[in-house]
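Visitor: Hi, I'm new to this one. Can you walk me through it?
Guide: Sure, let's bring it up and go from there.

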Amino acid sequence: MEQLWITALLNRLLGGPVNALLEKLPPAFHPADPNAPISNAVAVEILVIAILLLIFIWVRSRLSVEKPGGSQHLAETLHEFITDQSDQIIGHHSEKFTPFLASLFIFILLMNLIGLIPGFESPTVTPAVPLGCAVVAFLYYNLHGIKKQGPLKFLAHFAGPVWWMAWIIFPIEIISTLARVMSLTIRLYANIFAGDMVTAAFFTLIPIGIPVIFLLLHVGVSFLQAYIFTLLVTIYLSGVVAEEH
Amino acid sequence: MSKTTAFIFVAMAVLFLAMPAFAQTPAGEAGNTAYYWALPLGAGAAIGIAAGLCGLGQGKATASAVEALARNPGARPGIFIFLLLGLALIESLALYALVIAFSIIGKLK
């Protein structure tokens, strides 16, 4: 597995401790190559989190009530975007979901976009990373549903509207809920991976000029897929958290 | 023989046509690679059909979204959100077929 420069750097700095930590876990977690325990995806994810932390610290230092600067406008735009959408879909009391949804959106967006910079590779082209995001989102909305409705009512809402069809609707609903994890994962993974494949294919055909169109397409697809992921998690949240009028 | 009975017998006959599949010997390492010529055809057909039908579905969704916008230009934000959601969900079906095509091609190697 060819290493990016960031992966080689992290492996040189942290390879020893990471190996020691992984060796203590069950054999499924042992690294495939002891010289490179940190994979490309994990290294770029760590870089993305570091960049986001720097951006947040920088914006926090520039916050001001009287004279808002450009970074404050951007942060407020993102905040309003997420709160407006979750207010529209979930209804009132949706502010407590804003931190998770906004973090999800900006994390996936930056992970998708960083693949455009030469020398980096989007972590979302490995299927494990979108799976991780989908599993976290799945656990998040289910836990909030259980907390809001109580475990019994939460399970009861899988049974469907009429009680005498519940015996067949219940397994179908359970399977379709579990299929949400798969659909979120595959949608994000296949969009970004296929975009990379198509760009690579066009690079081999016409090296100059035309691949720029596919890079622009990749930018658009990154934004769209991050937005769709967040929108779908918001819709699933509204399904379990919504109050009956 | 009533119509229901005839239908049941026809259904059983069609299902029993699948019997030759059960006669397959367990494949070994040096075994049944004789069907490998069909794998690229299957992968190409899968993604071709999926992309074509996805195009039809997204065309219909876009057409009705544009028509709704023409009738009511003030509803643009709501229509836009539903359009994006619908297009992404239809697209994801074609992407499932793409993933299957990739795994078929991966089986070839």
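Guide: One term before we start: pLDDT is the predictor's confidence in each residue, from 0 to 100. You'll want it here, as this is a predicted model.

Visitor: OK, chain B then. Where is confidence lowest and where is it highest?
Guide: The low end in chain B is helix H1 (residues 3-16), with a mean of 67. Helix H2 (residues 38-71) of chain B is at the high end, with 95.

Visitor: Which stretch has a pLDDT below 50?
Guide: That's residues 20-29 of chain B. Leaving aside near neighbours in sequence, that stretch has one contact in the model.

Visitor: And what does chain B average?
Guide: The mean pLDDT is 82, and 79% of the residues in chain B score at least 70. For the complex, the predictor gives an ipTM of 0.75 and a pTM of 0.84.

Visitor: What is chain B built from?
Guide: Three helices and zero strands. Of its 109 residues, 8% count as buried.

Visitor: How do its contacts spread along the sequence?
Guide: Take the contacts in chain B between residues at least 6 apart in sequence: 81% of them join residues at least 24 apart.

Visitor: How many residues of chain B are in contact with chain A?
Guide: Eight, and they touch nine residues of chain A. On the chain B side, seven are nonpolar, one is polar and none is charged.

Visitor: Switching to chain A. How do helices H5 and H8 of chain A pack?
Guide: Helix H5 (residues 128-149) and helix H8 (residues 210-241) of chain A pack at about 20°, with axes 9 Å apart. That angle is under 35 degrees, so H5(A) is roughly parallel to H8(A). The contact between H5(A) and H8(A) has seven nonpolar, two polar and one charged residues.

Visitor: Which residues meet there?
Guide: From H5(A), they include A:Ala137, A:Tyr141 and A:Lys148; from H8(A), A:Val233 and A:Leu237 are among them.

Visitor: What about H4(A) and H8(A), parallel or antiparallel?
Guide: Helix H4 (residues 98-113) of chain A packs against H8(A) at about 155°, with the axes 9 Å apart. H4(A) and H8(A) are therefore roughly antiparallel. The residues of this contact of H4(A) with H8(A) divide into eleven nonpolar, five polar and no charged.

Visitor: Which handedness does that crossing have, left or right?
Guide: H4(A) and H8(A) cross in a right-handed way. H5(A) also passes H8(A) in a right-handed crossing.

Methods:
Residues numbered from 1 in each chain as written. Chains lettered and ligands numbered in written order. Predicted model: local features only at pLDDT ≥ 70, side-chain atom pairs only at ≥ 80, totals over all residues. Helix = DSSP H or I, 4+ residues; strand = E, 2+ residues; numbered from the N terminus. Buried ≥ 20, exposed ≤ 12 C-beta atoms within 10 Å, placed from the backbone. Contact = placed C-beta atoms within 7 Å. Axes fitted to C-alpha atoms, helices over the stretch in contact; angles between N-to-C directions. Parallel < 35°, antiparallel > 145°, perpendicular 65-115°, else oblique. Left-handed = near helix turned anticlockwise from the far one by under 90°. Nonpolar A, V, L, I, M, F, W, Y, C, P; charged D, E, K, R; others polar.
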